[in-house]
Amino acid sequence: MRASADAERVRRLQNGSDVRGVAMDGVEGEAVTLDATTARAIGTAFAEWLARDESSAQGKTIGVGRDPRLSGEALRDGMFAGMVEAGATVVDMGLATTPACFMSCVTEGVEYDGAVMLTASHLPFNRNGMKFFTKHGGLDKPDIKEICARAAELVEAGGGDAKAPAGVTSAPFLPTYAVQLCEIIRKGVNSKDNYEKPLSGMKIVVDAGNGSGGFFVDMVLNQLGADTTGSQFLDPDGNFPNHSPNPEDKAAMEAGVRAVLNAKADLGIVFDTDVDRSAVIDASGKEINRNKLIALLSEIVLKETPGSTIVTDSVTSDGLHKFIIDKGGKHLRFMRGYKNVINKGKELNASGVDTPLMIETSGHGAMRENYDLDDGAYLAVKIIIEAVRRRNAKEPSIGQVLESLEEPLEEAEVRLKISDPDFKEYGLNVIESLLAEVNDTVEHSSFGKCRPAEDNYEGLRVCVDEGNGKQGWFLLRCSLHDPVMVLNFESQVEGGVRVMAEEFGTWILDQNYDKLDCSSVHELYSN
Ligand SMILES: O=P(O)(O)OC[C@H]1O[C@H](O)[C@H](O)[C@@H](O)[C@@H]1O
């Protein structure tokens, strides 16, 4: 039997280990795929999944939190209706962050059986999605696949009323979570003179991008005595009127830098919408995101656990690798995808390899000491403790720590669309022929002096000799979710990206991959 288009739509809402979809009209060409009726079906499917060894979800309590997206309340109501239908008890956590939702499953006295965060991270206002938790952490890909498949069946069988049932308990969890963060900072700084207000005398500004992160100012920093004047975009607003709440976004980081410099702050913090990611800015206005954020956190954890392993994603710089090795650590440059990075870290720890930190350049960073949870607020807490410790001990500031991190002179990322329906296989084919070409260095290679990087866990990273002892690289890989190939370049010499792009562009033209749109790579060298 052919699955109906509706069932197929619901199955397609799976996006790795999340659910993601278009939840509102307002963007041309983007039809709604995640409405309240679908949320209802997903709510039922999650409650059933939680109770999979039992006959019903009776006795299970599920907390639902959300970011400020305009579609959040309708989806929440739909989920509540579906969960209650399956027999579960539901609790409205109101505005929340993704890590706080997880913490509601493990906090003594709360301990929900399951939690859902309604969010689409930094994506535009019309999108929304769901992340699911139990006390064991975030659900993985196969679980989400199962939940979406069951929801598809339910939708096909005829939806149901998506209105919230009467009498749902409202119990905001952010205040409880914030108290936990405050205690971690108090213990971490352990100030003899001012235990209760260890941030007195520190000026810290936050840019929450109108996402869920504004709580960090009132409920954490102000409670600890910090001066937070100059913080901005703290009010939740699902239109995200100021900039995209995303520490990888140029405009977001620039806004944060301006706020730090205007306020003459000691530190700035930029959160993404649902606060599972963050970046910081030092007193001089230096942006500490991506490789720099990983370096700073590596410095912190390698002091605490010398010789340990840091797991990162695949697009991290050569400079970061050297930084970690120079600090006495080991670096496993794994794959893109925060879940891949975190799961690798968990696997290493389970097999006895000391792995305290697993972190992606996107800013998704998890620490073993914090339930292996990617929590942007927890990372900010670790950095705040380090900044205060350094100030009290009169040691160089966090920005100065990064002076030994070699940064690439040039970098670029382009995305090449694949129009073949079997895009994964198509992409893997391209990678295979690139490998053959790179290995062909003896006869003739299009890429000058180059060799495959030693550790290739996804795609192909090619090290390119740029002369005078300098080395650049490029990485070609398949996107985790989209029908595209992603190509990253880094160079240590001026014009180096252009040279590599031209060599790659010329080679790929010769290969006649007619379903791969290479225009973005050609643009890198043709003007
Ligand atoms: O493979 P890409 O299309 O570049 O996407 C990769 C990214 O996908 C999602 O956004 C995940 O949340 C990130 O953890 C991951 O890095």
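1. Start with the nonpolar core. The largest one has 124 residues. Inside this core, the residues with the most contacts are Ile42, Val116, Ala151, Ile204 and Ile384. Helix α12 (residues 376-392) supplies the largest share, 10 residues. The core also draws on two domains, with at least three residues from each of domain 1 (5-171) and domain 2 (176-404). In soluble globular proteins, nonpolar side chains tend to be buried together. Keep in mind that this is a predicted model.

2. Now take one residue of that core. What does Ile384 touch, not counting residues up to four places away in sequence? Its partners are Ile185, Ile204 and Leu267. Ile204 is thus named twice: as a partner of Ile384, and among the residues with the most contacts in the core.

3. A second core lies apart from the largest one. This other core has 24 residues, among them Val486, Val497, Phe504 and Ile508. Remember Val486, since that residue is also listed around the ligand.

4. Next, the overall division. The protein is split into domain 1 (5-171), domain 2 (176-404) and domain 3 (410-523). Between the C-alpha centres of domain 1 and domain 2 there are 28 Å. How many residues of domain 1 are in contact with domain 2? There are 24, and they meet 27 residues of domain 2. Helix α4 (residues 98-106) gives the most to the domain 1 side, with six residues. By class, that side has 12 nonpolar, nine polar and three charged residues.

5. The UniProt record is worth a look here. An unreviewed entry places the feature "domain: Alpha-D-phosphohexomutase alpha/beta/alpha" at residues 25-153, 199-285 and 290-391. In the model, residues 25-153 are 40% helix and 22% strand. The end C-alpha atoms of that stretch are 25 Å apart. For residues 199-285 the values are 24% helix and 16% strand. Here the end C-alpha atoms are 20 Å apart.

6. Turn to the ligand. Which residues are around it? The list is Arg336, Gly337, Tyr338, Glu360, Ser362, His364, Ser479, Leu480, His481, Asp482 and Val486. By class, this shell has three nonpolar, five polar and three charged residues. Domain 2 (176-404) and domain 3 (410-523) each provide at least three residues of the shell.

7. Two residues deserve a backbone check. Most residues other than glycine have a negative phi. Lys394 has a positive phi, near 55 degrees. Lys394 sits in the loop between α12 and α13 (398-401). Is Lys394 buried or exposed? Lys394 is exposed, because it has 6 other C-beta atoms within 10 Å, and 12 or fewer counts as exposed.

8. Asn512 is the other case. Its phi is also positive and near 55 degrees. Asn512 is found in the loop between α15 (496-511) and α16. Asn512 counts as exposed because it has 7 C-beta neighbours inside 10 Å.

9. Finish after the last-named helix. Asn527 lies in the segment after α16 (519-523). Why does Asn527 count as exposed? The reason is its 5 C-beta neighbours inside 10 Å. Asn527 and Gly43 are 484 residues apart along the chain, and their C-alpha atoms are separated by 52 Å.

Definitions and conventions
Residues numbered from 1 in each chain as written. Predicted model: local features only at pLDDT ≥ 70, side-chain atom pairs only at ≥ 80, totals over all residues. UniProt positions renumbered as here; feature names shortened; annotations may be inferred. Helix = DSSP H or I, 4+ residues; strand = E, 2+ residues; numbered from the N terminus. Near = placed C-beta within 6 Å. Nonpolar A, V, L, I, M, F, W, Y, C, P; charged D, E, K, R; others polar. Domains from an automatic or database assignment. Contact = placed C-beta atoms within 7 Å. Core = buried A, V, L, I, M, F, W, Y, C linked by C-beta atoms within 7 Å. Buried ≥ 20, exposed ≤ 12 C-beta atoms within 10 Å, placed from the backbone.
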